[in-house]
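Here is a set of short questions and answers on one protein chain. Look at the structure first, then read on.

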Amino acid sequence: MKKVFYLGMTLFVFLLITACTTTVVTTEPRFYANNTNTEFEILGEIIYESEERIGYIELLRAARNIYPDCDFVIDIMVDQKSTIKTTMFFFLISRSEISTWVMRGTAIKYK
């Protein structure tokens with residue numbers, strides 16, 4: 001009876017562990033083709049990087065610098081890249097983290 005109990009508990013833990021694991025699948029941003037049925041024209045992709053937190057207005061300004069006719073930016077993705085800088089002085093170690101914010105999206109113009 002103990003063997004059945006231990007076998008059952010082992011299978012339960014194994015199933016619990018495998019049920020809680022997942023595979024992360026990353027996808028690229030959506031691509032829009034210029035279709036005659038759409039209400040907008042795609043101008044291109046915008047990528048904006050900054051060491052400070054950035055928002056939609058900064059991304060729209062960057063899009064309008066490249067595409068002056070830009071009305072809106074869609075499909076916005078925000079990433080944060082972190083770099084850890086380590087400095088060692090004798091036995092003292094100091095670490096500092098530098099974050100870079102990256103926004104990208106698709107600039108469009110309404111018809």
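Q: Which residue forms a salt bridge with Arg-104, and how far apart are the closest N and O atoms?
A: This is a predicted model, where local features need pLDDT of at least 70, side-chain atom pairs count only at pLDDT 80 or more, and totals for chains, interfaces and linings use all residues. Residues are numbered from 1 along each chain as its sequence is written, and side-chain values use heavy atoms, with hydrogens and water left out. A salt bridge here is a side-chain nitrogen of Lys or Arg within 4 Å of a carboxyl oxygen of Asp or Glu. The partner of Arg-104 is Asp-79, with the closest N and O atoms apart by 3.5 Å.

Q: Which strands does the pair of Arg-104 and Asp-79 link?
A: The pair joins distant parts of the chain, 25 residues apart. Strands (E, at least two residues) and helices (H or I, at least four) are DSSP runs, numbered from the N terminus. Arg-104 lies in strand E3 and Asp-79 in strand E2.

Q: Is Arg-104 buried, partly exposed or exposed?
A: Buried means under 20% relative accessible area, exposed over 50%, and partly exposed in between (1.4 Å probe, protein chains only). Arg-104 has a relative accessible area of 22%. Its partner Asp-79 has 31% and counts as partly exposed. So Arg-104 is partly exposed.

Q: How many salt bridges are there by this rule, and which residue pairs with Lys-81?
A: Side chains of opposite charge can pair when their charged atoms come close. The count comes to two. In the pair with Lys-81, the closest N and O atoms are 4.0 Å apart. That partner is Glu-49.

Q: Where do Glu-49 and Lys-81 lie?
A: They are 32 residues apart and link distant parts of the chain. Glu-49 is partly exposed at 47% relative accessibility, and Lys-81 is partly exposed at 44%. Glu-49 is in strand E1, Lys-81 in strand E2.

Q: In what order do the three strands form the open sheet?
A: Two strands pair if DSSP finds at least two bridges between them. The pairing in this sheet is antiparallel. E1 (40-50) and E2 (72-89) are edge strands, each pairing on one side only. The order is E1-E3-E2.

Q: Over how many bridges do E2 and E3 pair?
A: Strand E3 spans residues 92-110. Val-73 stands opposite Ala-107 in E3, and Phe-72 stands opposite Ile-108 in E3. E2 and E3 form a hairpin with two residues between them. They pair in the antiparallel sense, over 16 bridges.

Q: Which residue in the turn of the hairpin has a positive phi?
A: The turn belongs to the hairpin of E2 and E3. Its phi is about 55 degrees. The residue is Phe-90.

Q: Is Arg-53 buried or exposed?
A: Arg-53 is found in the loop between E1 and H2. Its C-alpha atom is separated from that of Trp-101 by 6.3 Å, though the two are 48 residues apart along the chain. With a relative accessible area of 69%, Arg-53 is exposed.

Q: What is the phi of Asp-75, which is not a glycine?
A: Asp-75 lies in strand E2. At 27% relative accessibility, Asp-75 is partly exposed. Its phi is positive, about 50 degrees.
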